[in-house]
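Student: Could you take me slowly through a single part of this structure? I would like to follow one sheet strand by strand, with the reasoning spelled out.

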Amino acid sequence: MTFNVEAVGIGKGESLPPSTLQPSPLFPPMEYRPVPLQTGEEVEYMLALKQELRGAMKNLPYFVKPAAPKKDIERYSDKYQTSGPIDNAIDWNPDWRQLPQELKIRVRKLRKGRTTILIPKGKQRVSVDKEETIKKLEETDYIMSYFDNGEDFGADSDDNLDEATY
Amino acid sequence: MTQAEIKLCSLLLQEHFGEIVEKIGTYLVRTGGQPLRAIVSDTGTSLDQVKKALCVLIQHNLGTYQIQKRGFVEYSVQCSRVLCILRYPRYIYTAKTLYGDTGELIVEELLLNGKMPMSAVVTKVADRLTETMEDGKTMDYTEVSNTFVRLADTHFVQRCPGVPDASGPSDSAAPPAPTLVIDEKDMYSVPRLNLIGKGKRRRSCDDDDNGEHKAKKQKQDLESQEPPPDDGIYWQVNLDRFHQHFRDQAIVSAVANRMDQTSSEIVRTMLRMSEVTTSSNAAYTQPLSSNEIFRSLPAGYNIGKQVLDQYLTLLADDPLEFIGKSGDSGGGMYVVNLHKALASLATATLESIVQERFGSRCARIFRLLLRKKHLEQKQVEDFAMIPAKEAKDMLYKMLSENFVSLQSVANLIERRQYETRENKRLLEKSQRVEAILASMQATGAEEVQLQEIEEMITAPERQQLESLKHTVNKIDASENQVDETIFLLASYVDSTVVAAVKKP
């Protein structure tokens, strides 16, 4: 040893523990079974809340999606694709009076009728209502989400140098 | 800040705000305060995207800005505040238990949007509640306003710092950013609003005339955009107040388990009396006299004054010292020892974790070690009444365990995301089928046709979906449950940090 092993706590003549030859297993066997998860109305409700919040926030304008890559040729299906805010404008109305001036971005006025979708609450949150699905359907243009123009076919390639760079 | 905290912050930001906000947020958590240009160059993100991300972070009270002496603006993100996203369901559920569905939706809207004027909250919540009511019934704005006022009175929601009224002559050069301020006395004062109206339903498909009229009205609304009566006054959820409530709940529940229902009700009363007079990091509540406590007991409780005094004496004599006697006037002065209670709760949590993970023998040794330390240190420190050495040891153990808990939640989230990604195609297929079924049912399709569509998903696929749902639910529930442990341990750690700072 290049250092005094006694300083680390290994006494004179004591054998060192066997060397480690591989990383510890990913799922080591557990000596004791874990305690089961809590159950009950409160727990169920909060679970439903958590999942609904996650879903709701993905649809709010605060969820910033990366800018759509520039198209190489105009495609017929482009008419039916949902696109992000035009020319990188912000999709909601911050109070610019309370923000640093350097952050100012153009605001895109929300199209008439396109209010943010938040699933209304019934007494039972746990089951997804068919009603809610219909309401959601009315808000989303079915053509836009169904129509696939095959652009994603062939997997994402890292060599797409035509993408807009910043 | 540990790697585990940063990792968890990153996952939470990504899940709720997307990858761009995640990139900027994580960068700022790691590096501390940075100006705009540094963020752009260091993260390799476009200026517009960085601006958007910062707006989102500030809007949601996750980030702030400061004007530096040399005139440029520096942005920062609070890691601990980001971690609170994990707790959003708990805040919302608590509001529901205290103030019903209206309270629940008010807190939910504020959490989803970060900051909102009261008028906007009231209209939105009234609309949402109306949607769930029977046809013809609507929710009155007044009722929602009343609940909002109650939330403000009990400090669960608070006003955001705002632009001070500029009364002097305007300077030639406007500052690069407004300095937002709020006066202590204004923090919970609700502006006098005359909000009259009822919630509106979103759908009015039956009556064509009605629909036309609605479209015209919407157009008018957009064109005549007058500023709301409470323009510029924004509200946010007061997370500290909710944390105080969780702590109180934990203490009451511990007393109920250790002693009995009546004892816990007395402690609950004492905590309720101290709600708005106790600062969030106080070591103990203001002293309360036995007479005052007697008067404040809930209406249903019929214990005599003497019985109350006996209970208080028992509580104060208990070795856990949740309640302490601080004087004799007014029939006896009592306090709730908040820091001591947190320490006991944290210790109990640790002992339980050791027991579950390593078995009873280890748990016994662990408990003995803690007690032994207590016996050796006879001196009592004034500020926390926990010997410094023991506090230091426990602190280290809490920090290590907290680290493990944070890492656990990060692992859970990653596993959940992995499972969802693996089954992406099947999930999308299932959603499309459900959408088709729903629209077919709405247009009155035959049972046979519906069955045909349902069969588009094969039996093994159905099983896979069930299994996935079960896994995701289990992981989500685990995240919620581990957060309870994180909360207790972090509360204890925070309380000792404050105590250490106070000590000269």
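Tutor: What follows is a close look at one sheet in chain B, with a short glance at other parts at the end.

Please keep in mind throughout that this is a predicted model. In chain B, three strands form an open sheet, and their order across it is E6-E8-E7, with antiparallel pairing. Strands E6 and E7 of chain B stand at the edges and each has a single partner strand, so one side of each is left without a neighbour in the sheet. In general, the strands of a sheet pair through backbone hydrogen bonds, and this pairing may be parallel or antiparallel.

Let us now take the two pairings in turn, beginning with strand E6 of chain B, which covers residues 288–289 and is joined to E8(B) by two bridges in the antiparallel sense. Within this pairing, B:Ser289 has B:Met333 of E8(B) as its bridge partner. Strand E7 of chain B, made of residues 323–327, is likewise antiparallel to E8(B), and here there are four bridges. On this side, B:Val335 in E8(B) has B:Gly324 opposite. The strands E7(B) and E8(B) form a hairpin with five residues between them, and in this hairpin B:Gly330 takes a positive phi near 60°.

What, then, about the two faces of E8(B), which covers residues 333–336? In a regular strand, side chains alternate between the two faces of the sheet. In E8(B), B:Met333 and B:Val335 lie on one side, while B:Tyr334 and B:Val336 lie on the other, and since all four are buried, both faces of the strand are covered.

For contrast, we can turn to a part of the surface of chain B, where B:Glu447, B:Glu452, B:Glu454 and B:Glu455 form a negative patch. One of these residues, B:Glu447, belongs to helix H18 of chain B, which covers residues 447–454. Because its relative accessibility is 56%, and exposed means over 50%, B:Glu447 counts as exposed.

Chain A, finally, has three helices and zero strands, and along the sequence its pattern reads α-α-α. Of the 166 residues in chain A, 22% are buried.

Conventions:
Residues numbered from 1 in each chain as written. Chains lettered and ligands numbered in written order. Predicted model: local features only at pLDDT ≥ 70, side-chain atom pairs only at ≥ 80, totals over all residues. Heavy atoms only, no water. Buried < 20%, exposed > 50% of the residue type's maximum accessible area, 1.4 Å probe, protein only. Pairing = 2+ DSSP bridges. Patch = residues over 30% accessible without salt bridge, like charges linked within 9 Å, V, L, I, M, F, W, Y side chains within 5 Å. Areas by Shrake-Rupley, 256 points an atom, 1.4 Å probe, with all protein chains shown as cover. Salt bridge = Lys/Arg side-chain N within 4 Å of Asp/Glu carboxyl O. Lys, Arg positive; Asp, Glu negative; His and termini not counted. Charge placed at Lys NZ, Arg CZ, Asp CG, Glu CD.
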